[in-house]
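Biologist: Could we take a close look at a single part of this one? I'm new to this, so please keep it plain.

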Amino acid sequence: MEKNEIYRRLPRVDSLMKEKETEELVKEYGYDCVLDAVRRALDAAREELGYCAADAEEELAETLGRSLSGIRNKIREILCRENRMNLMPVVNGTGIILHTGLGRAPLGREVLLHAGQVAGGYSDLEFDLETGKRGERCLNFEETVCRVTGAEAAMAVNNNAAAMLLILSALASGGEVVVSRGELVEIGGGFRIPEIMELGGAALREVGTTNRTCPEDYRRAVCQETKAFLKVHTSNYRIIGYTRETTLEELAELKEETGLPVIQDLGSGVLVDLGKYGLAREPMVQESVRSGADVVSFSGDKLLGGPQAGIIVGKKKYIEKMKRHPLARALRIDKFTAAALEAVFRQYLDPEKAAEKIPVLRMLTRPAEEIRADAENLAERLRTSIRGDAPDGAEGARITVEECVSRAGGGSLPEQDIPSYAVAVDPADIPAGELAARLRRLELPVIGYLSGEKLFLDMRTIGEKDAGYIAEVFRAGEILRKEAR
């Protein structure tokens with residue numbers, strides 16, 4: 001049988017477009033998208049047939065049969081793949097709680113519900129319901145933030161780097177800011193404190209050394225051009241050994257002498273005592289306010305567990321000056337973020353409940369034995385799913401539960417090893433790397449990590465619903481076969 005004769009047995013474009021199933025797809029995706037998918041599916045079938053030898057009739061017949069039976073699935077596959085959103089949810093099995101690549105802090109159900117209700121319609125974002133006149137965007141969440149932190153005033157911009165840019169532009173532009181050499185950090189993604197200071201119009205005055213800075217170093221640096229003292233919490237690294245750090249209380253004493261404001265960049269923004277849960281203790285925002293900092297900035301989507309934002313709290317006279325600065329409008333947050341921030345801070349009014357309701361805190365503080373029980377449960381579900389109806393021993397992978405270490409991530413708690421447990425999958429017929437790639441290509445991708453010849457799924461960052469989905473993915477071991485469909 002000649003190849004041209006084989007090609008003619010493939011359905012025509014117009015006949016496929018008239019089929020009832022295709023007409024349903026047109027309603028969902030539109031005529032042009034479906035027409036393009038039909039043509040591409042037929043091209044793929046012709047290409048596959050083209051690889052067959054002209055005289056290999058049995059192979060041609062088999063390939064043709066496979067093409068005819070699978071062409072409609074191919075059309076739907078093309079449409080699903082190319083019409084799904086590029087930004088999509090994933091299952092995080094890495095054990096990195098604040099994974100920057102995976103969106104950092106996940107938001108809790110109550111926070112999402114409130115933010116969705118506000119963003120899904122009209123709101124009093126900048127409208128005073130009492131007077132009926134235009135209001136101020138920050139007022140909607142400022143009162144709650146101040147109740148939690150103890151600050152006089154508060155505002156928010158789109159991230160902590162933006163917060164520092166606004167603070168320096170409003171309070172120190174045209175002058176000098178004194179900062180310890182040991183605190184000239186890189187925040188991440190190439191953003192460095194000296195560069196942000198330069199953008200804010202402030203000149204950097206370095207004092208002390210990398211490992212030791214004393215109050216006298218700051219005192220000697222004060223001159224007519226000095227506008228502020230800056231203290232940066234080194235949340236993404238530690239200097240140990242022969243060190244001396246000037247405390248916030250010591251800088252507050254210098255403030256009394258000089259009248260210069262003390263600015264603190266706290267980075268991660270902790271509002272609960274993590275030491276109570278066996279984690280490394282981080283300086284809390286409330287403590288910074290009580291210790292004499294005039295302005296404190298911190299991230300919303302790190303240890304706080306909220307949306308991406310740079311929150312600024314402190315003395316009212318300084319916050320008001322920042323609110324009036326032209327940059328405030330350029331850096332302001334939207335209605336979704338404003339609503340989510342208020343909802344998250346309201347949960348902190350009861351710190352004990354916050355540890356249960358805020359996903360980041362819940363994942364950070366869960367006991368390892370609870371994680372182990374979850375891992376054992378998922379491992380057994382995977383073994384059952386993979387085995388399916390196959391006889392005993394006909395499994396496509398060895399499933400075990402192994403100890404591992406989770407991380408806070410996001411530049412937070414850099415030295416903290418968080419004991420955890422993972423489900424380890426050792427495939428029999430494919431490399432673990434191939435399994436990892438297949439999981440990433442799912443409609444709801446599953447992201448794990450490789451170690452040795454195994455794929456690990458850390459249960460600290462995998463919820464109950466996600467575990468059920470993973471068990472379904474492995475059903476009957478299809479994803480583990482050499483030639484997975």
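Biologist: Which elements do the buried residues of α18 pack against?

Modeller: Quick caution before we zoom in: this is a predicted model, where local features need pLDDT of at least 70, side-chain atom pairs count only at pLDDT 80 or more, and totals for chains, interfaces and linings use all residues. Residues are numbered from 1 along each chain as its sequence is written, and side-chain values use heavy atoms, leaving out hydrogens and water. Helices (H or I, at least four residues) and strands (E, at least two) are DSSP runs, numbered from the N terminus.

Now, α18 covers residues 368–387, and at 1.5 Å a residue (times one less than the number of residues) its 20 residues should span 28 Å; the end C-alpha atoms sit 29 Å apart, which agrees. Its buried residues (under 20% relative accessible area; exposed is over 50%, partly exposed in between, with a 1.4 Å probe and protein chains only) are I371, A375, L378, A379, L382, S385 and I386. Look down the axis of α18 and they fall within an arc of 130 degrees (taken from the directions from the axis to the C-beta atoms), so they line one face of the helix. Those residues pack, by contact (heavy atoms within 4.5 Å), against β11 (397–406), β12 (418–427) and α20 (464–473).

There's also a salt bridge here (a side-chain nitrogen of Lys or Arg within 4 Å of a carboxyl oxygen of Asp or Glu): E380 pairs with R383, their closest N and O atoms 3.1 Å apart. Both belong to α18, three residues apart, about one turn of the helix. E380 is partly exposed at 42% relative accessibility, and R383 is partly exposed too, at 22%.
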